[in-house]
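Trainee: I'd like to go through this one contact by contact. Can you take my questions as they come?

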Amino acid sequence: MTLFLAAVLGVLLVVLYRLFVVPQRAGNWVAGHFVASSYGLPPLETLDPRRAGPPPPAHRTEERQAVADAVRDGDWKSAARYVRAAGEEWDERWARLELLQHLAGEDDAWLESWRAAEPGDCDAATLRAGLLVHRAWKIRGGGYAHEVMTSDMERFKAMLPAAIEEARRATLLDPANPGPWVVMIMAARGAQYERARFRPLWDGLVARAPYHYEGHWQAQQYWCAKWFGSDRRMMRFARQAVRKAPAGSPLAGIYLHALGELSERHGAVPTATPWGRSTLRRVAASLEQVDPGHELLPGLRHLLADAMLRSMMYGPALEQFRLIGPWCGAAPWRKEGDPVIAFETARGTAARLSRVRPAPAPMTHGIGR
């Protein structure tokens, strides 16, 4: 038994050394010796902390601005056309609804006009229901329950039933549309739905859009420990998302958000295991199939690079940093203070510990190969 305990202690010391001491030494090397271009990375002076990735194409920005201008002038028909043009690309349709929801949060007179003119329109009804949910969450705030004032919590809870009922009515207007189901899933945890009441909502969503990204993100929040699940349930849900993500979908990135939730609750996340590394490789392989222009992809690559670095997957992490390019305005680096310094230290550590020999290489700015 003594020899066994000594062996276990030895392994633990080696792991701790690799997790904490080795990266710290690499960080010291970065400060004085790291030359990014020698590893195929953009130089330090080109790093841009304003964004997580390159700006969207000009035509997409112009389209959104035109819709925003029209809506602010009261033209709800432009909003309706904008949403309907997404067809059955449900993730894109939801993204367009989110833009309109932001605009309705500023002034919803145009939305009320749309609802009055087309009371049978599912998108308008979904938008109204989602706006009610977001207004309720704005009152509650993003803190833990014990941090929220009792009066605010009571107002929050009182607003959600109307939002859920609005979404239920929207499901009848277009039974194939998953949007109302996403809204109900979003509201379910705030309304304190037990699992037996939540599961029909989830079943309703996946029956219509089995790979809906926002729907999965909202459901994962339900299954996390701070709401109605646990770390184990949340991670099981996240791994299922990785397994079922189809080619071209960013759905596998849900796993990275689950790791972030664990990190927020517990600090360091134990992903430096064969199982954890294998899952991260599957996530990386899945993201490789996503359209390089997908707007979720840059942020997910940052999360993946950070997770790989923490899992001592230095070579794969370095590859992600190459794909990311000069953009460093993402969550993993902002929480450290100066995102440029944090990003430079992270990618330098990956380079130092990856066993990749430094050599001049062509730089690729952006997230695509």
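**Contacts across the chain**

Mentor: Start with E261 and K226, which form a salt bridge with their closest N and O atoms 3.4 Å apart. A salt bridge here is a side-chain nitrogen of Lys or Arg within 4 Å of a carboxyl oxygen of Asp or Glu. Keep in mind that this is a predicted model, where local features need pLDDT of at least 70, side-chain atom pairs count only at pLDDT 80 or more, and totals for chains, interfaces and linings use all residues. Residues are numbered from 1 along each chain as its sequence is written, and side-chain values use heavy atoms, with hydrogens and water left out.

Trainee: How many residues apart in sequence are the parts that E261 and K226 tie together?

Mentor: E261 sits in helix α12 (residues 254–266), while K226 is in the loop between α10 (213–223) and α11. Helices are DSSP runs of H or I with at least four residues, numbered from the N terminus. The pair therefore ties together parts whose separation in sequence is 35 residues.

Trainee: Is E261 buried or exposed?

Mentor: Buried means under 20% relative accessible area, exposed over 50%, and partly exposed in between (1.4 Å probe, protein chains only). Its partner K226 has 29%, so K226 is partly exposed. E261 has a relative accessible area of 6%, so the answer is buried.

Trainee: Which residue forms a salt bridge with E118?

Mentor: E118 is in the loop between α5 (109–117) and α6 (122–140), and the partner is in helix α3 (residues 76–84), 34 residues apart. E118 is partly exposed at 25%, and the partner R84 is partly exposed too, at 37%. The closest N and O atoms are 2.7 Å apart, and the residue you want is R84.

Trainee: Which residues are linked with D108 in a network of salt bridges?

Mentor: One contact is between the side chains of D108 and R128, at 3.7 Å from N to O. R128 belongs to helix α6 and D108 to the loop between α4 (90–106) and α5, 20 residues apart. D108 is buried at 18%. The residues linked with D108 in the network are E112, R128 and R135.

Trainee: How many salt bridges does a search of the whole structure find?

Mentor: The pairs E261–K226 and E118–R84 are salt bridges. For the whole structure, the search gives 20.

Trainee: Why does the pair F198 and Y222 count as stacked?

Mentor: Rings of Phe, Tyr and Trp (its six-membered ring) pair if their centres lie within 6.5 Å, and planes under 30 degrees apart count as stacked, over 60 as edge-to-face and the rest as tilted. By this rule there are 13 aromatic pairs. For F198 and Y222 the centres are 3.8 Å apart, and the pair is stacked because the planes are at 5°.

Trainee: Where do F198 and Y222 lie?

Mentor: Both residues are buried. They also belong to a cluster linked by ring pairs, with W137, F156, W223, W227 and F228. The two are 24 residues apart in sequence, with F198 in helix α9 and Y222 in helix α10.

Trainee: What separates the C-alpha atoms of R334 and P49?

Mentor: R334 is found in helix α16 (residues 331–334), and it is partly exposed at 43%. R334 and P49 are 285 residues apart along the chain, yet their C-alpha atoms are separated by 8.7 Å.
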